[in-house]
Amino acid sequence: MRFSLKMTQVLCRTCRGSAAALLFVSAALALNCQWLARAQAPDLAEISSLIRQGKLEPAERALQNFLSKQPNSAKARSLLGVVYMRETRYADAETSFLKAIQIDPNLFEARRNVGDAYLAEGKIEAAKGAYLDALRINPQDAKANLALATLYLNMGQFTASLDAAGKIPPAKRSPDLFPILAGDYFGMQQQQKAAVEIQAMIQIAGKNPDLVPQLAELLLDHGAFRSAEEVLIAAAPRQKQTDRFLLDLARAEDGLGKREEALHTLSLVLQRSSRSLDALVLAGRVSGENSDWNQAVGFFKRAQKLAPERIDILQGLVTALLYANLPNEALESARRLQSLQPDDPRAAYYMALSLFGVHKWEDAKPYAAKVLAVHPEDREMNLTMAGIVYDLHDLPEARKHLEICLKQNPADPGALYYLGLIEKTEGDLEGATKSLAKSVAGNPKNSDAQSALGGLCLQVGDLSCARDALEHSILLSPGESQNHYQLSLTYTRLGLTQQAHEQLLLYEKLKAEEQKAPATTAVSPISGRPTP
C-alpha cells in the first residue's frame, strides 16, 4: 500500500484527538519513508541484473549505497564481493565474502565464492576448505563440486577429483566436466577411459571451443607436451582455431623443442590479435630459447607497451636486452622492475646483472650481495659476483665465488673463463690455458673466452691454437678490433702475409671507428658475451 503525505494529513485529521492517531501517523510515515527509499534505490534483484550485464561501476555504487543503510545485509555483502571478483580485486572480494559469512554463516553463495577468491589469490588450501564448507550446506551444488574437482586435479589428487565430480547430479553436469574427467584418468594412467572423455569433448568441440584447450592446459601444466599436442591436433578438424587453441598448440610445440613451429603458430595469433599479451610473451620466450635475442627484445617491448608494470614481462625484457648486448636499455628496465619490487631478490638479481653490464662494479656489488644473502648457492649470482670483484681486483674473493660454481659443475664454462683470467693475472699461464680451453669446449660461442684463449696461445707461441680461437672469436664478434690485431700477428708468424695485411686493415678501420664513438665492453655473466 502506498501513502502520500496528503493522505497522511487527511487521516490524521480524522483521528485527531485520540492516542491512536499518533500511532497511526507514525506507522504511516514509516511506510511512506520505506516507499520513498524503494523508489530512490534499486533493490538487490535489480543490482544483480546490473552485474549480469557487466555494468560493474553502477552496481558497486548501488551496493555501497544499499550497505550504508543496511550494513548487515549478508546478500549485499556477497554481491559486492561478486563485483570485486569481476574487477579482479580479489583481496577486496575475499574481505566482502567473509563479512557476508560472518553475518550469515549459512549463506551458501558467499562460502562458494570466497573459495573462488582464495583460488584467484593462490591460497589453495583455503580455497579447498571454503568449497568443502559450501558443500556441507549444499552437497550437490554443481559449481562447487566442479571447482573442487578441478582443484584436486591440479593438486594431483585424482581419486578425490573424480569423487567430487561424481557428486554432481547427472542433470546438472556441464561440458566443463569432460576435461576434468579426462585429466583425472590421464593422471591415473587409465588411458582408455581418458580417450572416451576426449572423444566426447571432440564431438562437441564445435559448439564448445574452450573444452579441448582446457584439457590441453592441464596437460601442459604437468609437462605432458606430447599428449597435449596429440589432443589439440585430433580436435583441430572439428573446432575453431581460437587464439587460446593456437596458444596452447604453440606451448606444446615449444615444450617438444619445435621452436620454429611454435613461432609460426604464434604468428597466426598475432596476425589477428596483435595486442595479445600471452602470444607476445610466449613469442619472446621462444625467440630467446632459439637464441634470437633481438627478436625476443622486439616481442617483449611490444608486450611491455601494453602492460608497462607486468613483472614477468619486465623480467623477460631485461633478460633479452642483456643477451642482446644492450645493457643500458636493460638497466633502464631493471630500474623500473626494482621500483615495483624494491624488496624482491629477483629485482636485485636483474639490477646486479645490468649494472655489471655497464661497468658499474661498485653499484652492482650490493645488489649481488642481496641476492646471495638469500640464495648463497645461486650459480648465476656467484658468477656475477666473481666478475664484479675480479674487475675490482679482489682476486681471492673472486676465486671464492668461482669455487661455489665449480663445485656445482666442474665444467661450468663461465666459471672456467673467469678462473682462466685470474690464473693469467697471477702468472699461471699453463693453468690459464687449460681453464680457457675447457671453457670454450663447454661453450664455443663465448667470443670473449675464445679471444682470451687466442691471445694467451699467441703469447706462449701455440700459433695453431691462437689461430683457431681468434678466428672463432671474430666469427662470433666481428666488431672487436683487438681480435683482428692479434690474428694479424698470428698470421704474420705463420707466414700468411696477405691474410695478416687484411686483418691489420680491419683492425685500423675498427680502431678509428672506436675512437670516433668510444664504447666500453664487459662480459655478461649470463651470456658469456661482451655487453657494449
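Helices here are DSSP runs of H or I with at least four residues, numbered from the N terminus. By that count, helix α21 is followed by H359, whose phi is positive, near 70°. The model is predicted.

**Confidence**

Mean pLDDT is 88 for the protein, and 89% of residues reach 70 or more. Two stretches fall below 50. In residues 519-523 the pLDDT is below 50, yet the model gives this stretch 22 contacts beyond near neighbours in sequence. Residues 525-532 also stay under 50, with 48 contacts beyond four places in sequence.

| Stretch | pLDDT | Contacts in the model |
|---|---|---|
| Residues 519-523 | below 50 | 22, beyond near neighbours in sequence |
| Residues 525-532 | under 50 | 48, beyond four places in sequence |

**Helix α21**

Helix α21 covers residues 345-357, 13 in number. From first C-alpha to last, α21 reaches 18 Å, close to the 18 Å expected at 1.5 Å a residue. At the N-terminal end, D344 acts as the cap. A side-chain oxygen of D344 lies 2.8 Å from the backbone nitrogen of R346.

How many of the residues of α21 are buried? The count is 11 of the 13, so the rest of the structure largely encloses the helix. Buried means under 20% relative accessible area. Among the buried residues are A347, A348, M351, L355 and G357. Y349 and Y350 are buried too.

**Aromatic pairs**

Six aromatic pairs are counted. In one, the ring centres of Y349 and Y350 are 5.2 Å apart and the planes stand at 90°, so this pair is edge-to-face; the cut-off for that class is over 60 degrees. Elsewhere, ring pairs link Y390, Y417 and Y418 into a cluster.

**Nonpolar cores**

The largest nonpolar core holds 148 residues. Which members touch the most others? They are L63, I198, L266, L402 and Y418. Y418 thus appears both in this group and in the tyrosine cluster. A second, separate core has five residues, including I474, L487, Y491 and A500. Back in the largest core, I198 is in contact with A182, F186, L215 and V231, leaving aside neighbours within four places in sequence.

**Around Q408**

Q408 lies in helix α24, residues 395-408. Its relative accessibility is 43%, so Q408 counts as partly exposed. Beyond four places in sequence, Q408 is in contact with E377 and R379. Between those two in numbering is D378, 30 residues from Q408 in sequence and 9.8 Å away in space, C-alpha to C-alpha.

Conventions: Residues numbered from 1 in each chain as written. Predicted model: local features only at pLDDT ≥ 70, side-chain atom pairs only at ≥ 80, totals over all residues. Heavy atoms only, no water. Core = buried A, V, L, I, M, F, W, Y, C linked by side-chain atoms within 4.5 Å. Buried < 20%, exposed > 50% of the residue type's maximum accessible area, 1.4 Å probe, protein only. Contact = heavy atoms within 4.5 Å. pLDDT = per-residue confidence, 0-100. Helix = DSSP H or I, 4+ residues; strand = E, 2+ residues; numbered from the N terminus. Expected span 1.5 Å × (residues − 1). Polar contact = N/O pair within 3.5 Å; in protein donor to acceptor, adjacent residues only side chain to side chain. Phe/Tyr/Trp six-rings, centres within 6.5 Å; stacked < 30°, edge-to-face > 60°.
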